[in-house]
Amino acid sequence: MKTLLLNRVVWVTLVAVAVTGQAMGITVPHEPLAQVGYYRPLRSDYVRSWYIFKDTTGEGILNPGDTYVEQLNNWWTPVSSGSQGLYNDNPAATGTELSSAAQNWATYTLAGDHPDKDNPNYNYWLPQESGTIGFYMSYSQFDNCAWHDPAFAPGSNPTQRQIMREMHAGRNGWTLGWVINEINPAGAGSPAGFVNMDVAVHNGKLDTNVPGWGQSISNPRATMSNDLDAVLSLMNSLDYKTRHPALFDDAVGDHTWAANATRMLAEGYDATDLAMLVASQELKEIPGFNTGLLDHAGDPYLYEDAFNERSVYSQGTTDGGVIGGLSGFNGLDPEWSNWGDQQVIRIEISADTLMLGGITELRFFDFGTSVPGSTTSDQVNPRMIVFNADPSGHLYFDDPNVGPIYFPDNRIFIAVTVPEPASLCLLTLGAGAIVFLRRRRTA
């Protein structure tokens with residue numbers, strides 16, 4: 001298995017690139033090439049469209065009555081979703097501060113003797129800026145390996161193979177990642193701000209067969225969190241060194257010893273160490289919840305998976321996180337009559353984050369179409385969708401046609417589909433009325 005460890009020399013170069021925002025020399029960013037060998041091929045829809053909605057009805061679920069705002073296409077990478085949301089010891093920071101700098105890892109697909117193999121400028125890096133959160137959807141070819149297949153066994157020994165399976169089980173599908181603030185060694189050190197953010201996922205779990213590709217098993221989980229305990233997060237027992245957050249046990253609704261014992265014991269750690277690792281995570285999975293509302297069929301509308309981001313970042317450093325294993329489930333008909341049958345991501349940013357936490361802008365990156373190996377595709381030249389915050393901590397999108405669109409409770413939905421034009425009239429009917437009628441019919 002190839003190494004995913006970013007060495008110290010490359011990391012220092014990374015900081016220089018992130019600070020200047022320019023490539024050194026004449027190297028330009030490349031889109032990766034698809035991996036072969038033990039990897040499965042890219043799914044036919046590895047790059048797909050995702051749709052941003054406003055919670056117009058203020059009910060906390062995406063249903064008719066809510067407003068479509070924008071569209072974006074996802075990024076992709078050959079490496080794991082956690083490795084794409086890259087973090088390591090930041091020479092510009094102090095203590096246990098770890099920084100993120102998401103990139104596409106185009107260099108990972110190059111031959112070992114390629115002159116750009118360790119050139120960070122060959123990769124495309126997600127832009128950073130102070131006071132912003134940059135969001136991206138992505139597809140990881142590594143996460144989409146056949147981890148459920150007993151014949152698929154990366155690793156040098158049974159313990160390594162078990163650790164790898166446990167870490168990557170349920171990570172087929174897509175990911176949501178974000179980077180907070182910017183890396184700037186010249187201004188590093190003092191506290192800068194904080195981010196309080198909640199993410200919930202509806203219909204993110206899925207076990208299905210994708211024709212012509214194989215079985216896809218998705219179960220949303222945190223695959224990267226910033227500022228992990230620098231010692232306990234580093235996995236030295238594998239053939240390559242990587243940092244990884246603790247695993248969440250869905251059956252219990254917590255980060256249990258049973259879910260993490262293989263990894264922790266291999267590193268010589270105990271339950272106390274596991275508790276310390278979990279406490280260090282700025283992104284944590286928590287139990288999902290019932291909204292108390294009904295879907296199109298009169299069934300409870302559930303967010304089966306939920307996550308909290310509670311980060312404190314310093315000047316000149318970044319924070320961030322990644323949620324992998326998003327199914328991208330889409331069972332809708334064109335007219336949205338079964339509107340609950342799709343995956344929905346709900347993002348909520350606290351008003352305090354936008355007033356006191358130093359964040360004034362959210363950015364969603366649209367990576368357009370993919371041409372593997374290209375230096376000119378949208379994957380290395382994304383469009384940026386900007387949301388701003390007013391002085392009162394209210395989030396809005398400045399639509400060029402209708403003006404500012406405010407988001408109740410600073411809540412943003414990311415969905416898999418958008419209604420066909422013929423069905424847009426459905427959106428004029430308040431979702432509260434629909435839920436009420438369904439409750440009357442089922443009472």
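1. Two rings of Phe, Tyr or Trp (for Trp, the six-membered ring) count as a pair when their centres lie within 6.5 Å. With that in hand, have a look at one aromatic cluster in this predicted model: Phe-135, Trp-178, Phe-364, Phe-387, Phe-397 and Phe-407 make it up. By the pairing rule, the count for the model is 26 aromatic pairs.

2. A word on confidence before going further. The average pLDDT of the chain is 87, and 86% of the residues score at least 70. Two stretches need some care when you read the model. Residues 18–24 have a pLDDT below 50, and this stretch makes eleven contacts in the model beyond near neighbours in sequence. The pLDDT is also below 50 over residues 90–94, a stretch with 14 contacts beyond near neighbours in sequence. I'd leave both out of the picture that follows.

3. Now the overall layout. The secondary structure comes to seven helices and 22 strands. Of the 443 residues in the chain, 58% count as buried. Looking at contacts with a separation of 6 or more, 75% are between residues 24 or more positions apart.

4. Which residues have the most contacts inside the largest nonpolar core? They are Phe-135, Leu-176, Ile-347, Leu-362, Phe-364 and Phe-387, in a core of 45 residues. Phe-135, Phe-364 and Phe-387 also turn up in the aromatic cluster. Phe-364 is a handy residue to centre the view on: leaving aside neighbours within four places in sequence, its contacts include Ile-52, Leu-72, Phe-135, Ile-347, Phe-387, Ile-412 and Ile-414. Arg-383, Met-384 and Ile-385 are among its contacts too. Another core lies apart from the largest one; it has 21 residues, among them Met-264, Leu-277, Val-322 and Phe-365. As background, nonpolar side chains in soluble globular proteins tend to be buried together.

5. The Trp-50/Trp-174 pair deserves a close look. Their ring centres are 5.9 Å apart and the planes stand at 70°; edge-to-face requires over 60 degrees, so that is what this pair is. Trp-50 belongs to strand E1 (residues 49–54) and Trp-174 to strand E7 (residues 174–181), so the pair links distant parts of the chain, 124 residues apart. Are these two buried or exposed? Trp-50 is buried, at a relative accessible area of 0%, and Trp-174 is buried with 0% as well.

6. Trp-174 also has a charged partner. Arg-48 lies over the face of Trp-174, 4.7 Å from the ring centre. There is another arrangement of this kind at Trp-213, where the charged end of Arg-43 sits over the ring, 4.9 Å from its centre.

7. Strand E1 is mostly covered, with five of its six residues buried. What does E1 pair with? With strand E2 (residues 67–73), E1 runs antiparallel over six bridges, and there Ile-52 stands opposite Glu-70. With strand E22 (residues 411–415), E1 is again antiparallel, over four bridges; here Phe-53 faces Phe-413.

8. E22 also pairs with strand E17: five bridges join the two, and they run antiparallel. In this pairing Arg-411 of E22 is the bridge partner of Glu-348. Strand E17 (residues 344–349) is largely enclosed by the rest of the structure, because six of its six residues are buried. Val-344, Arg-346 and Glu-348 point one way, while Ile-345, Ile-347 and Ile-349 point the other, and all are buried. That fits the general rule that side chains in a regular strand alternate between the two faces of the sheet. Note the charged residues in this buried strand: Arg-346 and Glu-348.

9. Helix H4 (residues 257–266) is worth a stop. Its buried residues are Ala-259, Asn-260, Ala-261, Thr-262, Arg-263 and Met-264. They pack against helix H3 (158–168), strand E12 (234–235) and helix H5 (271–280). Met-264 is one of the residues of the 21-residue core. Just after H4, Gly-268 has a positive phi of about 85°.

10. Finally, two backbone spots to check. Asn-203 is not a glycine, yet its phi is positive, about 60°; Asn-203 lies in the loop between strand E8 (191–202) and strand E9 (206–210). Asn-410 also has a positive phi, about 50°, in the loop between strand E21 (403–406) and E22. Buried means under 20% relative accessible area, so Asn-410, at 5%, is buried.

Note on methods
Residues are numbered from 1 along each chain as its sequence is written. This is a predicted model: local features need pLDDT of at least 70, side-chain atom pairs count only at pLDDT 80 or more; totals for chains, interfaces and linings use all residues. Side-chain values use heavy atoms; hydrogens and water are left out. pLDDT is the predictor's confidence in each residue, from 0 to 100. Contact means heavy atoms within 4.5 Å. A nonpolar core is a set of buried Ala, Val, Leu, Ile, Met, Phe, Trp, Tyr and Cys residues joined through side-chain atoms within 4.5 Å. Buried means under 20% relative accessible area, exposed over 50%, partly exposed in between (1.4 Å probe, protein chains only). Rings of Phe, Tyr and Trp (its six-membered ring) pair if their centres lie within 6.5 Å; planes under 30 degrees apart count as stacked, over 60 as edge-to-face and the rest as tilted. A charge sits over a ring if NZ of Lys or CZ of Arg is within 6 Å of the ring centre and within 35 degrees of the ring normal. Two strands pair if DSSP finds at least two bridges between them.
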